[in-house]
Amino acid sequence: MREKLTVPLLLAPALGVILLLFGSGLSLALVQSLGYFPAIGQTDLNLDAYRQVLSDPAFGRSLLLTTWIAGISTAVSAGLALVAALALRRAFRGKRTATFMFQSNLPIPHLVGAISILFLFSQSGFLSRLSYLVGGIDSPADFPALVFDRYGLGIILEYVWKDTVFIGIILLAALQSIGEDYEEVARTLGANRRQRFRFVVLPLLGPSILSASVLVFAFTFGAFEVPLLLGSRFPSALPVMAYRFYTDVDLNARPEAMALSIIIAVIVTVLISLYTRLTRRLT
């Protein structure tokens, strides 16, 4: 009996904090999204905020943009992280320095990275002015629009720069735990390098790649600070759209902000559920 209670008791403090902070906030957002907002005299529960949000043409465009940004940045980050992890796995001169340089941006906040992208890649930034000075372009305005563009290229660039390291560390740890025994067996059976990667390394890394990618996708789908700084005014990412509703001086827009937040939370929850089922099949 005591052994059965050990794990729940150890998890109780952390779960209590999560349930208190996250659960109470989510409950308040759900209630306000249903129209209960006594501060402005709304006390009847309804789905008006969801109807207004879902019927707004801007919602569909924002959903597509958010999915595009999260999907492309996650896929590119996972690909680059896999290459980096495979390279750093081998012993070579300067490996310690290379590993340190690869992980150097891990403690840097996304907000700092976004400001750096803004200063470097905007049409009035450092690279555009440098290109103008060396004669590469006729004016800074001719520099490619990588920031505030409708495809979110600056946002994707920042997420790739940051998330590649996060996924790479996970994959590098997975490679070290797997070891090279399976590859040695495949080599003795006549498998070349490409076959060993395709039929041995990649399947063994599959769960780690999937789990890290889901975490990154969920984060980028729900984050608002980078799209707010580097994204276009319209269409904007869903979290930015929710933030603007929330900070609107008209408090009547607050239920729509909460409705958008609940929709984002539902999408991320469904994604995690699908990941859990897929992981069970893979294992």
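## What counts as a pocket

A pocket here is an open set of grid points with protein on both sides within 12 Å along at least five of seven lines, and its lining residues have an atom within 4 Å of a point. With that in hand, let's walk through this predicted model, starting with its pockets and then turning to its salt bridges.

## The largest pocket

The largest pocket has a volume of about 530 Å³. Its lining comprises 18 residues, and those nearest the centre are G222, S261, I262, I264 and A265.

Which helices build this lining? At least two residues each come from α1 (2–33), α11 (238–246) and α12 (254–282). Of the contributors, α12 gives the most, with eight residues. In character, the lining of the largest pocket splits into 14 nonpolar residues, four polar and no charged.

## The second largest pocket

Next comes a pocket with a volume of about 260 Å³, the second largest. Its lining is made up of L86, A87, R89, R90, E183, R187, R193, R196, F197 and V201. Helices α3, α8 and α9 (193–222) each supply at least two of the lining residues, and the largest share, four residues, comes from α9.

The make-up of this second lining is four nonpolar residues, no polar and six charged, whereas the lining of the largest pocket has no charged residues.

## Salt bridges around helix α8

Side chains of opposite charge can pair when their charged atoms come close. The model has four salt bridges in total. One of them joins R90 and E183, with an N to O distance of 3.8 Å. Because R90 sits in the loop between α3 (57–89) and α4 (95–103) while E183 belongs to helix α8 (residues 181–188), this pair ties together parts that are 93 residues apart in sequence. R90 is partly exposed at 39% relative accessible area, but E183 is buried at 8%. Both R90 and E183 also line the second largest pocket.

Helix α8 holds another pair as well: E184 and R187 form a salt bridge, their closest N and O atoms being 2.6 Å apart. These two lie three residues apart, about one turn of the helix. Both partners are partly exposed, E184 with a relative accessible area of 35% and R187 with 37%. Salt bridges with shared partners also link R89, R90 and E183 into one network.

## A pair within helix α2

Where does D48 find its partner? The side chain of D48 meets that of R51 in a salt bridge of 2.9 Å, N to O. Both residues lie in helix α2 (residues 48–55), three residues apart, or about one turn of the helix. D48 is partly exposed, with a relative accessible area of 39%.

Note on methods. Residues are numbered from 1 along each chain as its sequence is written. This is a predicted model: local features need pLDDT of at least 70, side-chain atom pairs count only at pLDDT 80 or more; totals for chains, interfaces and linings use all residues. Side-chain values use heavy atoms; hydrogens and water are left out. Buried means under 20% relative accessible area, exposed over 50%, partly exposed in between (1.4 Å probe, protein chains only). On a 1 Å grid over the protein atoms alone, a cavity is a set of points where a 1.4 Å probe fits but cannot get out, and a pocket is an open set with protein on both sides within 12 Å along at least five of seven lines; lining residues have an atom within 4 Å of a point. Grid points are joined across faces, edges and corners, and a volume is the space filled by probe spheres set on the points. Ala, Val, Leu, Ile, Met, Phe, Trp, Tyr, Cys and Pro count as nonpolar, Asp, Glu, Lys and Arg as charged, and the others, Gly among them, as polar.
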